[in-house]
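Me: I have a predicted model open and would like a close look at a single part of it. Please take one helix and walk me through how it sits, then show me what else deserves a check.

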Amino acid sequence: MSGEDEFSSALRSAIDRRGLSLGQISHQLRSRGRPVSISSISHWQSGRSRPVGPQSLGALAAMEEILGADPGTLMNRVGPPRQRGRAAQHSEISDFVPASDEVRDALAALGFIAPEDYPHERFVHQLSVIDGSNSVQTTTSRIMVRAFWEGKGRLPAVQVLDEDEPNVPPSVIALEGCSIGRTLTWPERRTYGSEILIDGHLEVGQQAVLAYRMEMSAKERNVRGMFYTVPRRAHDIMIEIEFRGPSTPVDCERYRRNSDGESVMPVRLDANDRIQVAESSFGPGLLGLRWGWDGEGG
């Protein structure tokens, strides 16, 4: 069933269970300051159209309350704007993170379980600098989001350290448009996390840009991959790795995982000693780069 069919079916079922007419629903929405016409509601439940724009998306939360539906029942099935008619697919974020209890548990502990716990990450640029002359490796993330809910927007930053990495909590530093909220420290599980709080009070549909940096206490050869996970379709994601120093990364490859499965493709260093992966209309899923080091494995 397509995303649009899921939404219209869920809306019809909720209306049938509540036993309200479309006129009654429209009247109650108007009384709550979220006006939606009877014809619009009719088109939504028939699948001829779906809610778009801040006003319509803002009305969905009120409609869920009017219909006695659980929060997110309708909103989750609408998803972000789709490009070229491709339907977004929704699932729990744990379906698309690496097979790690630590990652799933850390996200849950920070309050990130399902797609509605996140704003819509529209554009993501992540740059990691792996420096052989430095004992600290950095990753800078710059993200544009769109709010699905009114209020405070937030994102997670979770890191699970490999066995050969120093078991030192990474430092997460807010650079632009955000601050650091709750933190999670599980040294026995080599797992650390932070809540990235987006500045200001976001209205439904409002967009914001934020940037933060993660600093890891590790030597270059301790680091063999960087990944980013999105719970719904992102417009564009770019992940770049810049290598500095005498050591040479080898067997560099792009890794992607989504509802179609896993795929791996080799990539080469460019003239600036960088590798990158870029995807448009990607998600939900996991995207990243991984590599080995010259001289390893005998």
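Reply: What follows is a close look at helix α2, then at the cores and some backbone points.

Start with the setting. This is a predicted model. The protein has six helices and 13 strands. Of its 298 residues, 48% are buried. Among contacts with a separation of 6 or more, 74% join residues 24 or more positions apart.

Now the helix. α2 spans residues 22-31. Its buried residues include Leu22, Ile25, Ser26 and Leu29. Why do they sit on the same side of α2? Because they cover an arc of only 100 degrees around the axis. The general rule fits here. An α-helix has 3.6 residues a turn, so residues three or four places apart point the same way. Turn to the face of α2 that looks away from the buried side. There you find the exposed residues His27 and Ser31. After the helix comes Gly33, with a positive phi near 80 degrees.

What does α2 pack against? One partner is helix α3, residues 38-46. The two helices pack at an angle of about 120 degrees. Their axes are 9 Å apart. The crossing of α2 past α3 is right-handed. From α2, the contact uses Leu22, Gly23, Ile25, Ser26 and Leu29. From α3, Ile38, Ile41, Ser42 and Gln45 meet them. By type, the residues of this contact are five nonpolar, four polar and no charged. Leu22, Ile25, Ser26 and Leu29 thus appear twice: they are buried, and they meet α3.

Next, the cores. The largest nonpolar core has 44 residues. Leu210, Ile241 and Trp291 have the most contacts inside it. A second, separate core has 21 residues. Ile25 of α2 belongs to this second core, and so do Ile15, Met63 and Ile66.

Trp291 is worth selecting in your viewer. Leaving out residues up to four places away in sequence, Trp291 touches Ile130, Val223, Arg224, Gly225, Met226, Ile241, Phe243, Pro249, Val250, Asp251, Cys252 and Ile275. One of these, Ile241, is also among the residues with the most contacts inside the largest core.

Then the backbone. Most residues other than glycine have a negative phi, and most peptide bonds are trans. Some places here depart from that pattern.

Take the peptide bond first. Gly283 and Pro284 are joined by a cis bond, with omega about -5 degrees. Pro284 is in the loop between β12 (274-282) and β13 (285-293). Which residue lies 54 places from Pro284 in sequence, yet 5.4 Å away in space, C-alpha to C-alpha? That is Val230. Val230 lies in strand β8, residues 225-230. Val230 counts as buried because its relative accessible area is 1%, under the 20% cut-off.

Ser281 is next. Ser281 is in strand β12. Its phi is positive, near 50 degrees, though the residue is not glycine. Ser281 is buried, at 7% relative accessibility.

Arg190 is another case. Its phi is positive too, about 55 degrees, and Arg190 is not a glycine. Arg190 is found in the loop between β5 (178-186) and β6 (191-198). Is Arg190 buried or exposed? Buried: its relative accessible area is 13%.

To return to the helix: α2 has its buried residues Leu22, Ile25, Ser26 and Leu29 on one side, with His27 and Ser31 exposed on the face turned away.

Technical notes. Residues numbered from 1 in each chain as written. Predicted model: local features only at pLDDT ≥ 70, side-chain atom pairs only at ≥ 80, totals over all residues. Heavy atoms only, no water. Helix = DSSP H or I, 4+ residues; strand = E, 2+ residues; numbered from the N terminus. Buried < 20%, exposed > 50% of the residue type's maximum accessible area, 1.4 Å probe, protein only. Core = buried A, V, L, I, M, F, W, Y, C linked by side-chain atoms within 4.5 Å. Contact = heavy atoms within 4.5 Å. Arc of directions from axis to C-beta. Axes fitted to C-alpha atoms, helices over the stretch in contact; angles between N-to-C directions. Left-handed = near helix turned anticlockwise from the far one by under 90°. Nonpolar A, V, L, I, M, F, W, Y, C, P; charged D, E, K, R; others polar.
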